[in-house]
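Here is a set of exercises to work through with the model open beside you. Try each task before you read its solution.

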Amino acid sequence: MGIIFSEKTKEFHLYNDQISYLMKIMRNGQMGQLYFGKRIPQKDNYDYLTENTYRPVSAFVYENEYSFSLEHLKQEYPSYGTTDFRMPAVEVSQQNGSRITNFQYVSHKIYPGKPALEGLPATYTQADAEADTLEILLRDELLGVELTLLYTIFQNENAIARSARFQNNGDVDYQLTTAMSLSLDLPDDDYEWIQFSGAWGRERYVKSRRLQQGIQSVGSTRGASGHFHNPFVVLKRPQADEFQGEVMGFSLVYSGNFLAQAEVDTFHVTRMMIGIHPAGFSWCLKPGGSFQTPEAVLVYSDGGMNAMSQTFHRLYRTRLARGVWRDKERPILLNNWEATYFNFTEEKLLAIAKTAKEAGVELFVLDDGWFSTRCGETSGLGDWWPNTERLPNGVQGLSEKIEALGLKFGLWFELEMVNKDSELYRSHPDWILRTPDRSVSHGRKQYVLDFSRKEVVDYIYIMTAKILRESKISYVKWDMNRNITECYSTAYEACQQGEIFHRYILGLYDLYERLTSEFPHILFESCASGGGRFDPGLLYYAPQAWTSDDTDAVERLKIQYGTSYAYPLSSMGAHVSITPNHQLGRSTPLKMRGDVACFGAFGYELDLAQLSAEELEEVKQQIRFVKTYRHMIHTGSFYRLLSPFEGNITAWMVVSEDQKHAIVAYFKVLNDANCEYRRIRLKGLKEEICYRVTDEYAQSDDFYGSELMQVGLITTDSSAGQPLGEGKYGELCTDFWSRMVLLDAVD
């Protein structure tokens, strides 16, 4: 691993054993992009990678010269208007109305390790030897504004972290209106664009299309990363699949408005950018002021989509998530929400908790309705003190009783919101985001607190910390059920109103940082009406997130499968709920619900006392299984085998770090009649190891890893023939059928 700068050729080479990233200082002083991909050797120069010839209808930088146009050069951090007509990574509005900039090379620094980003989440290192960092200082001499491009290359991962920092050393104000975290010009457009999009209840569905001339993009202007698109996209070669071919992943470590965009010009050059969405954004760079963009993580794989995903999984699980819960086994929880909604008493909660303890649950979580006058969604938000009519001994008393049962206790909050029917709103109606002299929209009868204001964040922190200090709380579910409208803050002057979306997110991060620092023993789980803010930014503070409000097992196949392209299984809150499902009304077997949910942070959303004795025994078996295998599931290598977006059958597997153990999960949504014989080739095993293969339906047998990966695992079920017959392949197969297969190395 290293970063080499050639003084002679003005070229930078960032490399490790797997990847290379090349760029250079161009003759006009700006930064040019040369190459990103599989590792190539270091050589004296890479001038052949700079191509720039005369083309008609172009504009040129130098007088009387027709061979240097930014329109046809690959750049590192491009601006618009000085011969480049493509979308820019940076734009600065100046007092004379101009938006033209010229950021030229001044100096650079190379050093081991990785710097933190002030006020922002970012990947990190635990030892300087894990990574090298390059800072390139550029300056626009006319403006007196400096731009620092930051690059960190990791030693053991084919990943590069990038961001940009602006500093106004001039004596007048400027408006920074575009500041992307990453821009990468690629030499061709032979890629498929993959995005992860959907809506509430169907988050992160896999969508794919070929790049074409023009602009393809996804983004959010909702004040949150959102249910509809995720701040993560993939470019892959058309021939690439899960296990072979070139793939690049682009991920933004941020929880607010974002844009991910690929622009293909008429010469088939692709410009990929990701960062804060320019719509509605501006930052007033006052003299002496600065702005730091969020971090973007760029991953390259020449081994297909799975290899890319595994890089993100390792990096985000071990070098983005932090704290004592990063590496600890996550407790099996039971959340009371779908069991009771708002209709509960302390006695009812204790009865649910007692049954949960007897089944093997480790953590009881009290959801919405425990505070102030909260008996429905119209009141109470913002007043974070116990409702003693429901909880006579408060949260403290309930938490002590739960712990006396032998369980840990968790609590739900929605700290960013307020109801008009609340003491907080009556005291501080000006503390919500709203535009003066205009009506204000609501969502679920709630309004968004102005987290761009320190006094608002301080107030919420004081109330929340008091509850957490006084009670025995081991887990916090942090919800957010409303996106931002009428984004305006009375605390800032007119020229700063474009900052409010971003300042809100900075306030959110500040509150998370203060609470997680003061209460490091508490496991925080983020939530936003399910998966509405499932992004890397929050994984820095909360190592797991509620993946979706939709707990239907069939829908969760797609949701969890799509989420796995960037996010580790340890980050996915996945629970077994009642049937018929409360979101879809679909009835699925308890077995399938458990088999899907165990590939995440496992839990239940029901009253176990309402189950039959047979079902309760099955729950106990599920819990024993998860306790046995959760460490391997969360830390092992995850392989997607069959996609729910491509057929009726889904399959995936997890392989332990030492490759001696594995779990294969196989799900069939609808039964089929007289179907073909089936097998799937497994992945990630050691060819020379002999594995004992066992499952619920067949006697155990021994196979070498080479057999299981080359010949495959037989997955034929009883529907190969007459579906109602049991025959050779064991137990009756029905709709919503699942099978779990265990592999263990034979000594």
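**Exercise 1. Find the volume of the largest cavity, then describe its lining.**

Step 1. The largest cavity of this predicted model has a volume of about 110 Å³. A cavity here is a set of points, on a 1 Å grid over the protein atoms alone, where a 1.4 Å probe fits but cannot get out, and lining residues have an atom within 4 Å of a point. Grid points are joined across faces, edges and corners, and the volume is the space filled by probe spheres set on the points.

Step 2. Thirteen residues make up the lining, and Gln-30, Tyr-77, Pro-78, Ser-79 and Phe-103 are the closest to the centre of the largest cavity.

Step 3. Sort the lining of the largest cavity by class: 8 residues are nonpolar, 5 are polar and none is charged. In this scheme Ala, Val, Leu, Ile, Met, Phe, Trp, Tyr, Cys and Pro count as nonpolar, Asp, Glu, Lys and Arg as charged, and the others, Gly among them, as polar.

Before going on, two notes on the ground rules. Residues are numbered from 1 along each chain as its sequence is written, and side-chain values use heavy atoms, with hydrogens and water left out. As this is a predicted model, local features need pLDDT of at least 70 and side-chain atom pairs count only at pLDDT 80 or more, while totals for chains, interfaces and linings use all residues.

**Exercise 2. Which strand gives the most to the lining of the second largest cavity?**

Step 1. The second largest cavity holds about 80 Å³ of space. Over the whole structure, the search finds 9 cavities of 30 Å³ or more.

Step 2. Residues lining the second largest cavity include Lys-24, Gly-32, Gln-33, Leu-34 and His-72. By class, this lining has 4 nonpolar, 4 polar and 3 charged residues.

Step 3. Strand 4 (residues 31-38) gives the most, with 3 residues. Strands (E, at least two residues) and helices (H or I, at least four) are DSSP runs, numbered from the N terminus.

Step 4. Now place strand 4 in its sheet. An open sheet of 4 strands has the order 1-2-3-4, with antiparallel pairing; two strands pair if DSSP finds at least two bridges between them. Strand 1 (2-6) and strand 4 are at the edges with a single partner strand each, so one side of each has no neighbour in the sheet. From one strand to the next, the twist averages 15 degrees, using axes fitted as lines to C-alpha atoms, for helices over the stretch in contact, and angles that run from 0 to 180 degrees between N-to-C directions.

Step 5. Strand 3 (residues 19-25) runs antiparallel to strand 4, joined by 7 bridges. Lys-24 has Gly-32 of strand 4 as its bridge partner, and both residues also line the second largest cavity.

**Exercise 3. Why is strand 9 largely enclosed by the rest of the structure?**

Step 1. Count the buried residues (under 20% relative accessible area with a 1.4 Å probe, protein chains only; exposed is over 50% and partly exposed lies in between). Strand 9 (residues 159-168) has 8 of its 10 residues buried, so the rest of the structure largely encloses it.

Step 2. Look at its partners:

- Strand 8 (residues 145-154) runs antiparallel to strand 9 with 9 bridges; a hairpin of 4 residues joins the two, and Ile-153 is the bridge partner of Ile-160.
- Strand 20 (residues 295-301) pairs with strand 9 in the antiparallel sense over 4 bridges, with Val-299 opposite Ala-159.
- Strand 19 (residues 290-292) is antiparallel to strand 9 over 3 bridges, and Gln-292 is the partner of Arg-165.

**Exercise 4. Which helix gives the most to the lining of the largest pocket?**

Step 1. The largest pocket has a volume of about 590 Å³. A pocket is an open set of points with protein on both sides within 12 Å along at least five of seven lines.

Step 2. Its lining has 29 residues, with Glu-118, Gly-119, Leu-120, His-502 and Leu-506 nearest the centre.

Step 3. Strand 19, helix 6 (454-470) and helix 7 (500-518) each supply at least two lining residues. Helix 7 gives the most, with 7.

Step 4. The lining of the largest pocket divides into 15 nonpolar, 6 polar and 8 charged residues.
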